[in-house]
Structure formats: C-alpha cells, structure tokens
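Visitor: I would like to learn how to read the features of a protein model, one at a time. Could you take me through them?

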Amino acid sequence: MESPENLHGPAVGVGQDATPTTVDVDTAVFLLGAGVTTLTHPLLYVKLLIQVGHEPLPPTVGTTMFGRRVLYLPGFFSYAQHIVKVDGKRGLLRGLSPRIVSSAISTVVRSKVKQVDVLFKNGEQQNSLRKVVKEWDAQLYGQDFQGGRSCWILCCLCVCSGLIPHVLGEVLFLWCCNLLAHFINTYAVDESLSQASAVRSYTKFVMGIAVSVLTYPFMLVADLMVVNNCGLAAGLPPLSPVFSSWLHCWNHLSNKGHLFRGSSFFFRRVPLTSIED
C-alpha cells in the first residue's frame, strides 16, 4: 500500500508542470500576435487614414470593364509609397506600440477567460456559461485581425459618442453571424457528407467575413466620431465637419456616398456625389 506522501507526490508534480506550460503557451501566443500585429499594422494605418478622409494623392482617370471612364483613388501600395516618401519607412509603423500593448493585454485576459472556462467544464452551467465565455473570447481577441478594434480604441470610445455605433455594429455582427451559421449548419449541411463536420467548423468564419461587410458602416462611423472635434486637423473643418451625433455623421457619409470608405484598398473609385460636387 502506498504512503500518503506517494499519493500526493504526482499531484504536486502535475501542478508544478502545468504553470510553466501555460506560461510558455501564453508567451508563444503573445509573440505570434505581436508578429501578426507588426505585419498588418501598415495595412491598418493606411486604412485609418482613408477612413478619416485623408487623400494626399489626386485621383487618376481609368476605365471600367465596360469602357466607362471613372476616377480611381490611389490603392494601398501607392498610398504606402507616399507615406514612405514623406515620413520614411518608419512612417508605416506609427502607432505600432499601442497595438502591441493591446495585443499583450488581450493575451493575458484571454488566458484568464480560459481558466474560468475550465472551472465550469463539469458544472451545471456548462452549456450556457461556456457559450457566453467563448463568444466574448472570440469577440474581444479576434477583432485585432479585422481593422484594429483594440482595447485602446474601446477606451477612447467610452468617452466619445462613437460608443453607440461601435456597440451596435458589434452586436449586429455577432447576432447575424451566429444566426446565419446556425441555419446553414442545421439546414444546409447534409449529414451524409463525409466532410460535414469540417464544413461546419468553417461556417462561422465565412459568415463573419460576409457580415463584417454589412456592418462596416457602423465601425466607420465609430472611428470617425473618435477623431471628430478632438483637436486633430482630420476631425475639424475644412477637412471634416463637426458632427453633433453619430447619426449626423452617418447621414453625412450617406449623402456623400462614403459609408464604405476604407473598406477596399484596391480599385477605389471616387463617389459620384464627389464628382458632381
């Protein structure tokens, strides 16, 4: 018969080994996230400048596939080359430090959320609580790959009127994405398919891309309200009117045909209303 010391020995060893493993995983996730953040930052930086309406380069005349003459705004590469020409290569990395800090915060909080999730795995609240935890987990930490929706921007939104469109856009995104994924997985995916489980695993991801296009105007309005009348030239006349509310901003963008400004990096056309003006 084993002694109490022997019985408790392996348990202690497992606990001691679990902590370093968790730390190593979190460190690897942080390094991976920091690397992806660094690589995608120039793209998001250019996107933000386009969102606020900063167009340092004139449009060029082009033709559509039907032969119609249109005005095209510079794409991502032309825009990036202009930034390098004016500010040097380091200009493309402006604002990178806050995003890396945001990534670190996300990694830490995500680790804590997973620990809470483990505590309820065998509890009576498993189905409901774990579902909520996972939804918020994906929401809080997956957004860094969809346009820089980070903790820093959320803090700014808390003191600006842009909080309302931001929250509405996020709620609408989650609701539509989950609803569409549920109907597709339930009624469109045939159980007889050999790859049915694999198809279901990618449904929500694909729906997320599609729904994000529809909810983009909410994110655009939220970002514009952050800089509106904050002291920056991009948020003040004559570059931008002072908006009294996010609805005022929405109506202004809608009338100008700019509700999807910044959603595309290539083949950006000048809106017809801008040409007429």
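Guide: What follows goes through the sheet, the nonpolar cores, the aromatic rings and one helix of this predicted model.

Visitor: Let us begin with the strands. In what order do the strands form the open sheet, and in which sense do they pair?

Guide: Strands of a sheet pair through backbone hydrogen bonds, and the pairing may be parallel or antiparallel. In this structure 3 strands form an open sheet with the order β1-β2-β3, and the pairing is antiparallel. The edge strands are β1 and β3, each of which pairs on one side only.

Visitor: How many bridges join β1 to β2, and how many join β2 to β3?

Guide: Strand β1, residues 60-63, is joined to strand β2, residues 69-73, over 4 bridges, and within that pairing Gly 62 has Val 70 of β2 as its bridge partner. Between β2 and strand β3, residues 268-269, there are 2 bridges, with Leu 73 partnered by Arg 268 of β3. The hairpin of β1 and β2 has 5 residues between the strands, and in this hairpin Gly 67 takes a positive phi near 85 degrees.

Visitor: Turning to the interior, which residues make up the largest nonpolar core?

Guide: In soluble globular proteins, nonpolar side chains tend to be buried together. The largest nonpolar core here has 12 residues in all, among them Val 52, Tyr 216, Leu 220, Phe 243, Trp 246, Cys 249 and Leu 259. The elements that give two or more residues to this core are α8, spanning 216-227, and α9, and the largest share, 6 residues, comes from α8. Another core, of 10 residues, lies apart from it and includes Val 46, Ile 50, Ala 80 and Phe 265.

Visitor: Trp 246 belongs to that largest core. Why does the pair of Trp 246 and Trp 250 count as edge-to-face?

Guide: The model has 4 aromatic pairs by the rule applied here. For Trp 246 and Trp 250 the ring centres are 6.4 Å apart and the planes stand at 80 degrees, so the pair is edge-to-face; the cut-off for that class is over 60 degrees. Because the two residues are 4 residues apart in helix α9, residues 246-256, Trp 246 and Trp 250 are separated by about one helical turn. Together with Phe 218, Trp 246 and Trp 250 form one aromatic cluster.

Visitor: Why is Trp 246 called buried, and why does Trp 250 count as partly exposed?

Guide: The cut-off for buried is under 20% relative accessible area. Trp 246 has a relative accessible area of 15% and is therefore buried, whereas Trp 250, at 21% relative accessibility, counts as partly exposed.

Visitor: Let us apply that reading to helix α6. Are His 166 and Tyr 187 buried or exposed?

Guide: His 166 is found in helix α6, residues 163-188, and it counts as buried because its relative accessibility is 9%. Tyr 187 is also found in helix α6, but at 62% relative accessibility Tyr 187 counts as exposed. Tyr 187 joins Leu 172, Trp 175, Leu 179 and Phe 183 in making a nonpolar surface patch of about 550 Å².

Visitor: How far apart are the C-alpha atoms of His 166 and Thr 215?

Guide: These C-alpha atoms are separated by 9.7 Å, while His 166 and Thr 215 are 49 residues apart along the chain.

How values were computed: Residues are numbered from 1 along each chain as its sequence is written. This is a predicted model: local features need pLDDT of at least 70, side-chain atom pairs count only at pLDDT 80 or more; totals for chains, interfaces and linings use all residues. Side-chain values use heavy atoms; hydrogens and water are left out. Buried means under 20% relative accessible area, exposed over 50%, partly exposed in between (1.4 Å probe, protein chains only). Patches are made of residues with over 30% relative accessible area and no salt bridge: like charges are joined within 9 Å, nonpolar side chains (Val, Leu, Ile, Met, Phe, Trp, Tyr) within 5 Å. Accessible areas come from the Shrake-Rupley method with a 1.4 Å probe; for residues, only the protein chains shown count as cover. A salt bridge is a side-chain nitrogen of Lys or Arg within 4 Å of a carboxyl oxygen of Asp or Glu. Rings of Phe, Tyr and Trp (its six-membered ring) pair if their centres lie within 6.5 Å; planes under 30 degrees apart count as stacked, over 60 as edge-to-face and the rest as tilted. Two strands pair if DSSP finds at least two bridges between them. A nonpolar core is a set of buried Ala, Val, Leu, Ile, Met, Phe, Trp, Tyr and Cys residues joined through side-chain atoms within 4.5 Å.
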